[in-house]
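This report looks at a few local features of one protein chain, moving from its surface to a loop and a neighbouring helix. Please keep the sequence and the 3D view at hand while reading.

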Amino acid sequence: MPKPTSKSDAARMLSGMWRFSRAFTHSVEPRLKERHGLELRTYFLLKGIQHGPAYPKTLANKLEVPSSLMSRYLDGLQKDGLIDRRIDPQDSRRVILSLTDKGERTVREVDDLMNELASQRLARLDDETLSAFLRGLDILTSEEGHE
């Protein structure tokens, strides 16, 4: 049976998650912009396309991005040579998105950057704390016990 937590534990967790997200974003965003001309949002969009087959509407729903904004993002990514759009051979009303070679290379480089920055933060934890932290994340993100 799970141990009950106090409101202050829950508030501390939520506050910590928010602060971590902000701190990590602040360390990533300038490097993404400088090295690749990307925002964090467009990186996640590229990751969604990488896992393909990708359709604009499906991506917009998955990433919770309004269709009009998604269209602007896709226009910019295509202009930068990171994605291709082509008509779906199974349904000519749909467009399939894919990464170009440049897009694939960019995603790999950004993946490396994200891993490097995350590793730097995780290195602040001793082995025991890191192990407990990662186990806790696994538990908190599992679907078991989700109501």
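## Partly exposed M13

In this predicted model, M13 has a relative accessible area of 36%, and because the partly exposed class runs between 20% and 50%, M13 is counted as partly exposed. The residue is placed in helix α1, which spans residues 7-36.

## The nonpolar surface patch

M13 takes part in a nonpolar surface patch of about 420 Å², which is made by M13, L14, M17 and L140. Helix α1 gives the most to this nonpolar patch, with three residues. Membership of such a patch calls for over 30% relative accessible area, and the value of 36% computed for M13 is in keeping with that cut-off.

## The loop between α3 and α4

E64 is found in the loop that lies between α3 (56-63) and α4. Its backbone deserves a look, since E64 has a positive phi of about 55° although it is not a glycine. As for the side of solvent, E64 reaches 71% relative accessibility and counts as exposed, because the exposed class begins over 50%.

## S71 in helix α4

Helix α4 covers residues 67-79, and S71 lies within it. With a relative accessible area of 36%, S71 is partly exposed.

How far apart are S71 and N61 in sequence and in space? The two residues are separated by ten residues in sequence, while from C-alpha to C-alpha S71 and N61 are 13 Å apart in space.

Technical notes. Residues numbered from 1 in each chain as written. Predicted model: local features only at pLDDT ≥ 70, side-chain atom pairs only at ≥ 80, totals over all residues. Heavy atoms only, no water. Patch = residues over 30% accessible without salt bridge, like charges linked within 9 Å, V, L, I, M, F, W, Y side chains within 5 Å. Areas by Shrake-Rupley, 256 points an atom, 1.4 Å probe, with all protein chains shown as cover. Salt bridge = Lys/Arg side-chain N within 4 Å of Asp/Glu carboxyl O. Helix = DSSP H or I, 4+ residues; strand = E, 2+ residues; numbered from the N terminus. Buried < 20%, exposed > 50% of the residue type's maximum accessible area, 1.4 Å probe, protein only.
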